[in-house]
Amino acid sequence: MGYVAVKGGREAVENAGKLLTYERIKGKSEPLQTEQIKEQLYFLVDKVMGEGSLYAPDLAALAIKQSAGDMFEAAFMLRAYRTTLPRRGESLAQPTREMRVVRRISAAFKDIPGGQLLGATSDYTLRLLDFDLMDDSPVRRVHMIQELCKDLEPSGVVPQHLPDTFPKVIDLLRKEGLLLDRLQGQAASGDGKKDYSILDVTRQSLTFPAPRSAQMQAMARGETGGLLLLAYSNMRGYGDIHPTIGELRVGYLPIKIRHPHSGRAYTIGEIKVTEAEVIAKFVGNDGFPKFSLGYGLCFGHNETKAISMAVLDRAIQTGESKGVSGNQEFVLSHIDGIESMGFCHHYKLPHYVTFQSDLDRLRRAQQEAKERATDKVREQ
Amino acid sequence: MRLKEKRTDEPFRQLNGSSLLKGYQFAFIDEGAKQEIRRKILKAVSIPGYQVPFGSRELPIARGWGTGGIQITLSLIGHEDILKVIDQGCDESVNAINIKRFIIAVTGVPTTQDTIEATIIQTRHRIPEEPMKEGQILVLQVPLPEALRVVEPSEMETRRMHAEADYSKMWVYLYEDIVRFGEISIGARYPVVVNDRHIMDPSPIPRWDIPKLDRAEALFLFCAGREKRIYAVPPHTSVKPLEFEDFKFRVEDFKGAVCSRCGRVNTFLDEILHEETGEKVYLCSDSSYCEKGLLEQRRPNPQDPEQDRRDIHATFPHSNG
Amino acid sequence: MVLMTLLNHEVTFHVLGEEGGGLEKEIIERTGSRVATPNEADFILSLLGNGQGTKLQPKRGTQEYPDTSATLIFLVKRLSQEPPGNLFLSLKGPGIKNEARVCMDGFGKREILHLKEINSEYPLGVESIFVDPLGRLMCIPRSTQIELRETWDTLQ
């Protein structure tokens, strides 16, 4: 008798879950190990960690495996797990110039102090499918590594050892007085004083206008495709940001907390992050024009997200845009993948009671229309 | 007639068929979250019909699938409660069962299908037909908490409208429907005025159920998990659907159709196309009410309360998951 | 008990009518909450059953977010639905069937009038929780109309 069976709904739900698991494990291929996912699908792991809002590569790999590659589901699983973890404290604010860089580029200048460090990137690769990869093996991998390392020799140009940290490009712009004061975008509290407190969006309700700390958190947890869509709309013309990447970094940030006894800062580990600083067109504050800055930071190696975040950060600070990318309420209400995916899928739930109500309205309205038509005919 | 309490020792064993971590605290969400939700519920009850923002937590159930209702239930439920969960009026709906499984797994609280017996009823899209009494709480799942959203997409703007009681846009919207169609197009989610002050979205319940909100004995709590809002209608509070003097509020018209199972006429009916014959059949949406109706029909001695108790016990056996 | 149910590190409180701050410290320790001024605190605990007359200006919320107001907790000498008492109240509004009658001891007429004034611009306003030493509890939300009566008889 339809979707809502008189009895047996419980069984159906349980069996559906079992079938889902079966679909994933019924094949003849070797079971995926989470180590394999973590090592060989690391971009996916980074994306899921960012959207799951939990830096835990092993758990992200597990979620990817368990969800059979459904990235919305995987991020959702991480979020649900995150909810159960006790909050032990907060880390200290960490300047990113202390990042242990593995990639660092700037589009604003041809050359920068420390140099353009391309790192591992697909930017300049040709997107040609490599069919050799379909026939992979540990032996083949050893050969590949040997091939890759064959011609590597220290040349005279590149130093033997790279420095761990690099100066920030925007610091140079600031020194020259070309960049807006860094705290310009910070929301001021009612009495005009700058507000440095952090609104924790996982614990407090988000109301609008939202302070910048809430905005950045929401975007850091946002779904990459959603952020890209909104940023792209701005870049294409439904906006005015015209970004130039001042600096894009990928690297490892130390996580420091205050020691419970000594009170001193100490490092408990490091996480990989991507940071984008985008220079946008100049604004005239107090009659003296300067470049403005958009900032993006997210877990793992995810440049699409960091750049999009930075563009949206700038767009929201400006507020005006020909589209919606500068509308803080619009952006923050629609970029959470767990929320949007959940709501999208909820339409599959039974809605027959509300539909019955709509049917009732429509039938009456149709009757009205018929009566009006009949009245018209009679009048003629 | 209290059902015996039954505690589940290994909460998650049955949930996904896989061994998940044990050791979750009672009612899953942490104490801080519960406290915040309770504080917000108190404020919501103090300003009937007004939406209170809260820090909605993530749950293993997807957003849009009842996380708001679940958070309220988990913040209020205790070992002495008896829980009923329905979706579209039905206890056996896939969604209701899923939610029940989760709540039982993290609380071990007994459940029932009997509206009268339950202390907390979590529901999606229906209010039970049997009037609820003082001390009972109905927790309604809400997808979109803002009644004015249909005329205004911006939250900041609808906040202002509520603050200033500037509801003209809503009235114009209804008026335009009447002019265009001779009928208001809003079916479920029909806007109401609470305590003569705030326009409220009663959640996607049919218009049939709206009169049940007005000056009721029970407490109604509404929660949208994804949108992160809590609101409430306390007992003995006025709830009036928006209407015009010359265009009154109207509930759904079943044109005299009767439930083909229990024979009642005065319930909200599901219109069903028969699996085999394809003909239209009507059944009570409130499945437990339908069961009771069936019981009444079959009862040999219509005035025997003892028989009542035996029948109810047989129809609604103690069920936990 | 009330405080333990509702307070944690996410909200602030203020204690009126206590010198030395012993209770304050205990509240901080047991709930993790923080102290704030009476104008800003989310919860105001008044031990003497009076709100310091017109000096008390708790936050009443904003037009857009009236829920951000304070909750006042008053410790009174006696709460009851029948005499004796110094104060007789008739309460009507959401949550109350027709009318509720309350006798109170240890709360001033002036304070009731002040409370009415604080709540005179609905939906702005505060919630009040009254507790007596026997553990009887009464909550008056801002939506309640409060009427002072001279004697118990006028309520009958």
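## Chain A: overall form

In this predicted model, chain A is built from 13 helices and four strands. Its radius of gyration is 26 Å, well over the 21 Å that the globule rule gives for 380 residues, so chain A is more spread out than a compact globule. Taken along the principal axes, the box filled by its C-alpha atoms is roughly 95 × 65 × 55 Å.

Of the 380 residues in chain A, 32% count as buried. Among the contacts of chain A with a separation of 6 or more, 64% join residues that are 24 or more positions apart.

## Ala107 of chain A

Ala107(A) sits in the loop that runs between strand S1 (100-105) and helix H6 (138-149) of chain A. Because 15 other C-beta atoms lie within 10 Å, Ala107(A) is partly exposed.

When residues up to four places away in sequence are not counted, Ala107(A) touches Thr244(A) and Ile245(A). A further relation in space links Ala107(A) with Ala310(A): the two are 203 residues apart in sequence, while their C-alpha atoms are 15 Å apart.

## Nonpolar cores

The largest nonpolar core has 66 residues, and those with the most contacts inside it are Leu138(B), Val139(B), Phe220(B), Leu221(B), Phe222(B) and Ala232(B). Helix H4 of chain B gives the most to this core, with eight residues. Leaving aside neighbours within four places in sequence, Phe220(B) is in contact with Leu138(B) and Ala232(B), and also with Leu140(B), Leu213(B) and Val233(B).

Apart from this core lies another, of 63 residues, which includes Val169(A), Ile170(A), Ala280(A) and Leu293(A).

## Contact between chains A and B

Chain B brings 49 residues to its contact with chain A, and chain A brings 45 residues. On the side of chain B that touches chain A, the elements giving two or more residues are helix H4 (94-107), helix H5 (155-163) and strand S10 (269-273) of chain B. H4(B) gives the most to this side, with four residues, and H4(B) is also the element that gives the most to the 66-residue core.

By residue class, the side of chain B that touches chain A divides into 18 nonpolar, 15 polar and 16 charged residues.

## Contact between chains B and C

The contact of chain B with chain C takes 22 residues from chain B and 18 residues from chain C. On the side of chain B that touches chain C, helix H2 (31-46) and H5 of chain B each supply at least two residues, with the largest share, nine residues, coming from H2(B). H5(B) therefore appears on both sides of chain B, since two or more of its residues belong to the side that touches chain A and at least two to the side that touches chain C.

The residues on the side of chain B that touches chain C divide into nine nonpolar, six polar and seven charged.

## A sheet in chain C

Chain C holds an open sheet of four strands in the order S5-S7-S6-S10, with antiparallel pairing. Strand S5 (78-80) and strand S10 (145-149) of chain C are the edge strands, each pairing on one side only. On average, and with direction ignored, neighbouring strands of this sheet are turned by 25 degrees against each other.

At one edge, S5(C) pairs with strand S7 (residues 100-105) of chain C in the antiparallel sense over three bridges, and Ser80(C) stands opposite Cys103(C) in S7(C). Helix H3 (residues 109-118) of chain C lies across strand S6 (87-92) and S10 of chain C, and H3(C) runs at about 155 degrees to S10(C).

Technical notes: Residues are numbered from 1 along each chain as its sequence is written. Chains are lettered from A and ligands numbered from 1 in the order in which they are written. This is a predicted model: local features need pLDDT of at least 70, side-chain atom pairs count only at pLDDT 80 or more; totals for chains, interfaces and linings use all residues. Two residues are in contact if their C-beta atoms, placed from the backbone, lie within 7 Å. Ala, Val, Leu, Ile, Met, Phe, Trp, Tyr, Cys and Pro count as nonpolar, Asp, Glu, Lys and Arg as charged, and the others, Gly among them, as polar. A residue is buried if 20 or more other C-beta atoms lie within 10 Å of its own, exposed if 12 or fewer, and partly exposed in between; C-beta atoms are placed from the backbone. The radius of gyration is taken over C-alpha atoms; the globule rule is 2.2 Å times the number of residues to the power 0.38. A nonpolar core is a set of buried Ala, Val, Leu, Ile, Met, Phe, Trp, Tyr and Cys residues joined through C-beta atoms within 7 Å. Two strands pair if DSSP finds at least two bridges between them. Axes are lines fitted to C-alpha atoms, for helices over the stretch in contact, and angles run from 0 to 180 degrees between N-to-C directions.
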